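Me: I'd like to learn how to read a protein sitting on DNA. Can you walk me through this one?

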Amino acid sequence: MDSAEFHESVYNVVRQIPYGKVTSYGHVAKLIGMPRHSRHVGQALKFVSPDTIPPIPWQRVISSSGTISSRGPGTTGAQRQKEALEAEGVEVSEAGRVNFGVYGWFPDVGTVDIGVTLEDEANDDDDT
DNA sequence: ACAATGACCCTGT
DNA sequence: CACAGGGCCATTG
């Protein structure tokens, strides 16, 4: 799994988050089979540009605590994310928190097409 | 090779 | 709920 494939998997999963729903970095990491790489999911998402086709709804990925992660003081990323979510009907509290009980999307691992053949990676024998 | 960093996560106080 | 500490792991200086 290269970083390129990692990104692909992340994008594929994120694209499948239903409109008006949100999930967490950690869950995305689990879905692509790398539960320890929650931080890198965010890293992958920051490479996303609004011009990407098909579009990647990066705003639907927040922290496991249900809050929008701050990109640091002076940045507007978190603010844009909040507005983007509200634009699709997701309620975001003033503290930047979303009610997972209502808007959470946490499908079981294996029920989501990650777009990468992880199932065939064990098949490397050279049958003649 | 080492140290620091990051759109994270979990547990404990 | 707020805060602190430890763990995690690829990337960057």
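Reply: Sure. Keep in mind that this is a predicted model. Start with which part of the DNA faces the protein: for DNA strand C, 68% of the atoms within 4 Å of the protein belong to sugar or phosphate, and the rest to bases.

Me: Which residues are around DNA strand C?

Reply: Ser-3, Arg-36, His-37, Arg-39, His-40 and Arg-97. By type, that surface has no nonpolar residues, 3 polar and 3 charged.

Me: How do I tell a base contact from a backbone one?

Reply: Look at which DNA atom the side chain meets. On DNA strand C, Arg-39 has a polar side-chain atom 3.2 Å from a base nitrogen, and His-40 has one 3.0 Å from a base oxygen. Arg-97 goes to the backbone instead: an N or O atom of its side chain is 2.5 Å from a phosphate oxygen.

Me: And how many residues surround DNA strand B?

Reply: There are 16, the closest being Gly-26, Trp-58, Ser-64, Ser-69 and Arg-71. Here sugar and phosphate make up 45% of the strand's atoms within 4 Å of the protein. The surface near DNA strand B divides into 3 nonpolar, 10 polar and 3 charged residues.

Me: Which side chains meet the bases of DNA strand B?

Reply: Tyr-25 is one of them, with a polar side-chain atom 3.0 Å from a base nitrogen. Arg-39 turns up again, also with a polar side-chain atom 3.0 Å from a base nitrogen of DNA strand B. For the backbone, the side chain of Ser-69 places an N or O atom 2.6 Å from a phosphate oxygen. Helices α2 and α3 are the elements giving two or more residues to this surface, and α3 has the largest share, 6 residues.

Me: How should I read the buried part of a helix like that?

Reply: An α-helix has 3.6 residues a turn, so residues three or four places apart point the same way. In α3 (residues 38-45), the buried ones are Val-41, Ala-44 and Leu-45. They lie on the same side of α3 because they cover an arc of only 95 degrees around the axis. What covers them includes α1 (3-15), α2 and β2 (61-62).

Me: Is His-27 in α2 buried or exposed?

Reply: His-27 is in α2 (residues 25-31), and it counts as buried because its relative accessibility is 12%, where the cut-off is under 20%. Next, check its partners: the His-27 side chain reaches the backbone oxygen of Pro-107 at 2.7 Å. Beyond its neighbours within four places in sequence, His-27 is in contact with Trp-105, Phe-106 and Pro-107.

Note on methods. Residues are numbered from 1 along each chain as its sequence is written. Chains are lettered from A and ligands numbered from 1 in the order in which they are written. This is a predicted model: local features need pLDDT of at least 70, side-chain atom pairs count only at pLDDT 80 or more; totals for chains, interfaces and linings use all residues. Side-chain values use heavy atoms; hydrogens and water are left out. A residue is near a molecule or strand if one of its heavy atoms lies within 4 Å of it. A polar contact is a pair of N or O atoms within 3.5 Å; within protein, one must be able to donate a hydrogen and the other to accept it, and residues adjacent in sequence count only if both atoms are side-chain atoms. Ala, Val, Leu, Ile, Met, Phe, Trp, Tyr, Cys and Pro count as nonpolar, Asp, Glu, Lys and Arg as charged, and the others, Gly among them, as polar. Helices (H or I, at least four residues) and strands (E, at least two) are DSSP runs, numbered from the N terminus. Buried means under 20% relative accessible area, exposed over 50%, partly exposed in between (1.4 Å probe, protein chains only). Contact means heavy atoms within 4.5 Å. The arc is that of the directions from the helix axis to the C-beta atoms.
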